[in-house]
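Here is a friendly walk through one protein model, written for someone who would like to follow along on screen. Keep the viewer open and pick out the residues as they come up.

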Amino acid sequence: MTDSYDYDLFVIGAGSGGVRAARLTALGGKKVAIAEEYRVGGTCVIRGCVPKKFMVMASDFAHQFHTAEGYGWTVEASFDWPKFLQAKDVEIARLSGIYAANLGKAGVDLVNGRAVFKDAHTVEVTHRDGTGETRTITAEKILIATGGRPWMPEGLEGIEHCISSEEAFHLPELPKRIMIAGGGYIAVEFAGIFAGLGVETTLIYRGPNILRGFDDDVRAHLAGEIEKRGIKVILGCQHQKIEKTETGLVSHLENGMVLEHDVIMFATGRVPHVKDLGLEKAGVSLNDKGAIEVDTLSKTSADNIWAIGDVTDRMNLTPVAIREAVAFHETVYRNNPSHFDYEAVATAVFSQPPVGVVGLSESEARHTCSAGVDVYVTRFRPMKYAFTGSDERVLMKLVVDAASQKVVGVHIVGPEAPEMIQLAAIAVKAGLTKAQWDATCAVHPTMAEELVTLKEKQSQDTSAG
Ligand code: FAD
């Protein structure tokens with residue numbers, strides 16, 4: 001560091017990416033500070049993956065109780081929302097505390113407040129206590145890791161009465177009726193959460209089916225399964241306006257339907273968190289999607305500024321933000337230019353039932369694999385539901401490049417799909433062939449054994465494109 005700067009590295013945003021980059025760099029002997037305007041841990045820990053998963057688990061008990069009755073149990077259950085919220089918030093506070101403590105142990109200075117650029121080497125941090133107290137800090141290098149924030153259709157009449165996922169984590173009471181607008185993974189997950197907790201749940205999405213971008217079989221299968229769990233799904237339609245009445249929130253839909261709910265949640269996407277960050281003063285450009293423009297090594301248009309995580313809108317997942325942080329550290333501080341490999345990243349949707357996916361969808365593979373694809377699909381009732389009368393079905397699908405016989409896509413909808421896909425991802429990432437999958441002996445009796453016993457090709461398409 002030249003003596004003229006307060007820090008070697010200043011990180012804006014103490015979320016998944018920012019915390020990892022700050023810690024690694026400080027542990028490597030550099031002088032590092034990190035600014036956080038809300039709570040250390042960022043979206044994942046405070047209002048994303050972690051509290052969401054707790055809510056999914058809380059909600060899934062209802063289904064387990066029903067299954068248990070089929071096995072001879074008598075279950076008298078009731079749910080206490082405030083008690084759950086309190087337990088969840090205690091755990092979130094504990095995790096946030098661990099993140100803050102680990103920053104301290106690594107020697108990172110934590111600055112509580114909102115940082116904005118004054119120039120490429122200077123930020124001004126306004127303390128978040130509302131006093132307006134500010135600090136000016138200089139740094140040789142700056143890393144932007146400010147994440148994303150929910151997008152709501154601001155022009156929609158009545159949108160001010162609606163909530164986003166951020167408020168859904170703290171509703172003072174569990175509503176009787178909720179409408180969730182959106183078809184992405186957050187919308188589908190929250191629909192499952194509320195339906196499981198006994199809330200009359202409607203999911204409305206303007207597109208032809210939920211989970212755009214996922215394999216079409218997964219989309220169709222999950223839409224059917226969540227309806228079996230009692231979620232009312234309205235597709236190809238959106239709000240015209242929302243009206244607050246004495247009894248609730250009334251949705252006027254494009255198709256003429258008028259529906260009343262107690263809460264309306266919009267999960268209609270997220271945008272990079274760049275508003276009022278002063279990027280223009282630092283010479284940092286945005287791309288046409290409004291995300292910070294970076295090269296493959298996460299460097300922005302300014303020579304001393306990098307950006308990682310959701311604010312760059314490359315692949316908006318916690319493990320990806322963390323890997324981008326590691327690559328940034330290797331590149332900038334260890335003289336080892338590195339970038340994250342975005343291929344075959346496994347993802348999960350914690351819907352009920354959940355989804356696990358890695359690699360290409362069938363339609364992506366048909367565009368990519370010049371000799372066509374072999375597709376293997378199975379749908380079956382999980383053994384666990386044998387006694388329950390449930391007609392829930394598991395979907396498992398393998399997409400195989402016909403020429404190389406490599407398994408290029410795995411798609412699972414069913415119990416424990418997120419756990420299964422983590423392991424399947426190793427095989428896909430390693431480029432194993434269908435024959436190698438088949439040579440792997442089954443674990444019996446499991447659902448996962450179907451993945452190594454799929455024999456019948458569903459179709460063979462040799463026309464690429
Ligand atoms: P973030 O974690 O968003 O951190 C950015 C931080 O910067 C925030 O703490 C913010 O307060 C702070 N900040 C912003 N601007 C400033 C400023 N000017 N000054 C100071 N601080 C600032 N991903 C998964 O992998 N699995 C999941 O199951 C999953 N579920 C999700 C569920 C929900 C409801 C949401 C919203 C997201 C979920 N994600 C999930 C996505 C995941 O949370 C993000 O990809 C991840 O948190 C991105 O990390 P990040 O470091 O880029 O940003």
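The report below covers the ligand site, the empty spaces, the sheets and a few unusual backbone spots.

Please keep in mind throughout that this is a predicted model.

## Around the ligand

A good place to begin is the ligand. The ligand is surrounded by 36 residues, and G17, E36, T43, K52 and D310 come nearest. T43 also makes a polar contact there: a polar atom of its side chain lies 2.4 Å from a ligand oxygen atom.

Ligand nitrogen takes part as well. A polar backbone atom of A115 is 2.9 Å from a nitrogen atom of the ligand. For Y185, the side chain is involved instead: one of its N or O atoms is 3.1 Å from a nitrogen atom of the ligand. The table puts these contacts side by side.

| Residue and part | Ligand atom | Distance |
|---|---|---|
| T43, side chain | oxygen | 2.4 Å |
| A115, backbone | nitrogen | 2.9 Å |
| Y185, side chain | nitrogen | 3.1 Å |

## Empty space inside and at the surface

Rolling a probe the size of a water molecule over the atoms shows where empty space is left. How many cavities of 30 Å³ or more does a search of the whole structure find? The search finds one, and the volume of this largest cavity is about 50 Å³.

Its lining is made up of T296, L297, S298, R314, E324, A327, F328, S338, H339, F340 and Y342. Sorted by class, the residues lining the largest cavity are five nonpolar, four polar and two charged.

The second largest pocket holds about 640 Å³ of space. Its lining counts 30 residues, with D60, Q64, P354, P415 and E416 lying nearest the centre. Two or more lining residues come from each of the elements α3 (49–70) and α11 (417–429). Which element gives the largest share of this lining? It is α3, with seven residues. By class, the second largest pocket is lined by 14 nonpolar, six polar and 10 charged residues.

## Strands and sheets

Now to the strands. Strands of a sheet pair through backbone hydrogen bonds, either parallel or antiparallel. Both kinds of pairing turn up around β3.

Strand β3 (residues 109–119) pairs in the parallel sense with strand β2 (residues 32–36), over four bridges. Within that pairing, A33 has D109 of β3 as its bridge partner. With strand β4 (residues 122–127), β3 pairs in the antiparallel sense over six bridges, and F117 stands opposite V123 in β4. The link from β3 to β4 is a hairpin of two residues.

One open sheet has four strands in the order β9-β8-β7-β13, paired in parallel. At its edges are β9 (232–235) and β13 (263–266), each of which pairs on one side only. On average, neighbouring strands of this sheet are turned by 15 degrees against each other, direction ignored. Within it, strand β8 (residues 200–205) and β9 form a parallel pair over four bridges, in which L203 has V233 of β9 as its bridge partner.

Another open sheet has three strands in the order β10-β11-β12, and here the pairing is antiparallel. Its edge strands, β10 (239–244) and β12 (258–261), each pair on one side only. From one strand to the next, the twist averages 25 degrees. Five bridges connect β10 with strand β11 (residues 249–253) in the antiparallel sense, and K244 stands opposite L249 in β11.

## Backbone spots to look at

Finally, here are some loop residues with backbone geometry to inspect. Which kind of peptide bond joins Q352 and P353, cis or trans? The bond is cis, with omega about 5 degrees. P353 sits in the loop between β16 (347–349) and β17 (355–359).

The peptide bond from H444 to P445 is also cis, and its omega is near -10 degrees. P445 belongs to the loop between α12 (434–438) and β21 (459–461).

D313 is not a glycine, yet its phi is positive, at about 50 degrees. You will find D313 in the loop between β15 (305–307) and α9 (318–333).

Definitions and conventions
Residues numbered from 1 in each chain as written. Predicted model: local features only at pLDDT ≥ 70, side-chain atom pairs only at ≥ 80, totals over all residues. Heavy atoms only, no water. 1 Å grid on protein atoms, 1.4 Å probe; cavity = no way out; pocket = protein on both sides within 12 Å on 5 of 7 lines; lining within 4 Å. Points joined across faces, edges and corners; volume = space filled by probe spheres on them. Nonpolar A, V, L, I, M, F, W, Y, C, P; charged D, E, K, R; others polar. Pairing = 2+ DSSP bridges. Axes fitted to C-alpha atoms, helices over the stretch in contact; angles between N-to-C directions. Near = heavy atom within 4 Å. Polar contact = N/O pair within 3.5 Å; in protein donor to acceptor, adjacent residues only side chain to side chain.
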